[in-house]
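Grab a pencil and let's work through a protein model together. Each exercise comes with a worked solution, so try it yourself before reading on.

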Amino acid sequence: MGSKIRRKGRFFHTLKIGSVLAPLLSLSACWDEQPAMPPDAPGVSRSQEYSFGSATQAQDWQATRKVLGQLEGRFGEKSMRILARNLDSATDPQTIKAYYAERLTHQADWAEMPVSTFADRAWAFAFVSPNGKHVLAIEALNASESAGGIVPLNILTNLDEDTGSTQ
């Protein structure tokens, strides 16, 4: 009879531990989830080829390289990707920033990270994940009359997938 009581005691002890560990394990699985790439913001579109002349391309690459250098120093050179997009020149940069801020803070409380283009003709912002492993930065040239209604915009990120973006 004593061994039956001991077995029941062990069973209930194991059951107690399991009831405590199960929620903790499921919670830890949520923390390890890979953040998702948000869809492109309104006013942002894709193009099959670069839509700008060589002067604009040089300015675009100079601003992108400055932001990329800041990100590679923290997140690693090999992990960063550049996703080229077009931006409707009538779109306010603050609207783009608010769009990505809403989607990233909704995912897991991403925080804004200071970045600079070191250029008068460009703007940029970045968000970093709570664990400090992932980043999403946006860099674009300021609108100009000669751009034909669009300006280059680059998404610099180390997120694995680009599945959320729309064509």
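The exercises below go from the overall fold to single residues, and the model they use is a predicted one.

**Exercise 1. Work out which elements the protein has and in what order they come.**

Start with a tally: there are 3 helices and 6 strands. Next, walk along from the N terminus, and you read α-β-α-β-α-β-β-β-β. Now look at how the contacts span the sequence. Of those between residues at least 6 apart, 67% join residues at least 24 apart. To finish, check the cover: the protein has 167 residues, and 33% of them are buried. Its accessible surface is about 10400 Å², with 55% belonging to carbon and sulfur atoms.

**Exercise 2. Find the strands that pair with strand 6, and say how well strand 6 is covered.**

Step one is to locate strand 6, which covers residues 150–157. Step two is to take strand 2 (residues 81–88): it pairs with strand 6 in the antiparallel sense, over 8 bridges. You can pick out one of the partners here, since Ile 82 has Leu 156 as its bridge partner. Step three is strand 5 (residues 135–141), which runs antiparallel to strand 6 and is joined to it by 5 bridges. There, Leu 136 stands opposite Thr 157. Last step: 7 of the 8 residues in strand 6 are buried, so call it mostly covered.

**Exercise 3. Is Asp 40 buried or exposed, and which side chain does it touch through a polar contact?**

First, place the residue: Asp 40 sits in the loop between helix 1 (2–31) and strand 1 (44–45). Then compare its relative accessibility, 6%, with the cut-off for buried, which is under 20%; Asp 40 therefore counts as buried. Finally, look for its partner: the side chain of Asp 40 makes a polar contact of 3.0 Å with that of Arg 85.

**Exercise 4. Classify the aromatic pairs Tyr 50 with Phe 52 and Tyr 99 with Tyr 100.**

Begin with the count, which is 4 aromatic pairs in the structure. For Tyr 50 and Phe 52, the ring centres are 5.2 Å apart and the planes are at 70 degrees, so this pair is edge-to-face. Tyr 99 and Tyr 100 have 5.2 Å centre to centre and 90 degrees between the planes, and they are edge-to-face too. Now add the cover. Tyr 50 is partly exposed, at 33% relative accessible area, while Phe 52 counts as buried at 13%. Tyr 99 and Tyr 100 are both buried. One more thing to spot is an aromatic cluster formed by Trp 123, Phe 125 and Phe 127.

**Exercise 5. Which residues have the most contacts inside the largest nonpolar core, and which element gives it the largest share?**

Take the core as a set first: it has 21 residues, and Ile 96, Tyr 100, Leu 136 and Ile 138 have the most contacts inside it. Then trace where its residues come from. Strand 2, helix 3 (93–108), strand 4 (122–128), strand 5 and strand 6 each supply at least two. Helix 3 gives the largest share, 5 residues.

Now zoom in on Tyr 100. Leaving aside neighbours within four places in sequence, its contacts include Phe 125, Phe 127, Leu 136, Ile 138 and Ile 155. Asp 40 from Exercise 3 is also in contact with Tyr 100. As a last step, look for a second, separate core: it has 12 residues, among them Leu 68, Met 80, Val 115 and Val 128.

Methods. Residues are numbered from 1 along each chain as its sequence is written. This is a predicted model: local features need pLDDT of at least 70, side-chain atom pairs count only at pLDDT 80 or more; totals for chains, interfaces and linings use all residues. Side-chain values use heavy atoms; hydrogens and water are left out. Helices (H or I, at least four residues) and strands (E, at least two) are DSSP runs, numbered from the N terminus. Buried means under 20% relative accessible area, exposed over 50%, partly exposed in between (1.4 Å probe, protein chains only). Contact means heavy atoms within 4.5 Å. Accessible areas come from the Shrake-Rupley method with a 1.4 Å probe; for residues, only the protein chains shown count as cover. A polar contact is a pair of N or O atoms within 3.5 Å; within protein, one must be able to donate a hydrogen and the other to accept it, and residues adjacent in sequence count only if both atoms are side-chain atoms. Two strands pair if DSSP finds at least two bridges between them. Rings of Phe, Tyr and Trp (its six-membered ring) pair if their centres lie within 6.5 Å; planes under 30 degrees apart count as stacked, over 60 as edge-to-face and the rest as tilted. A nonpolar core is a set of buried Ala, Val, Leu, Ile, Met, Phe, Trp, Tyr and Cys residues joined through side-chain atoms within 4.5 Å.
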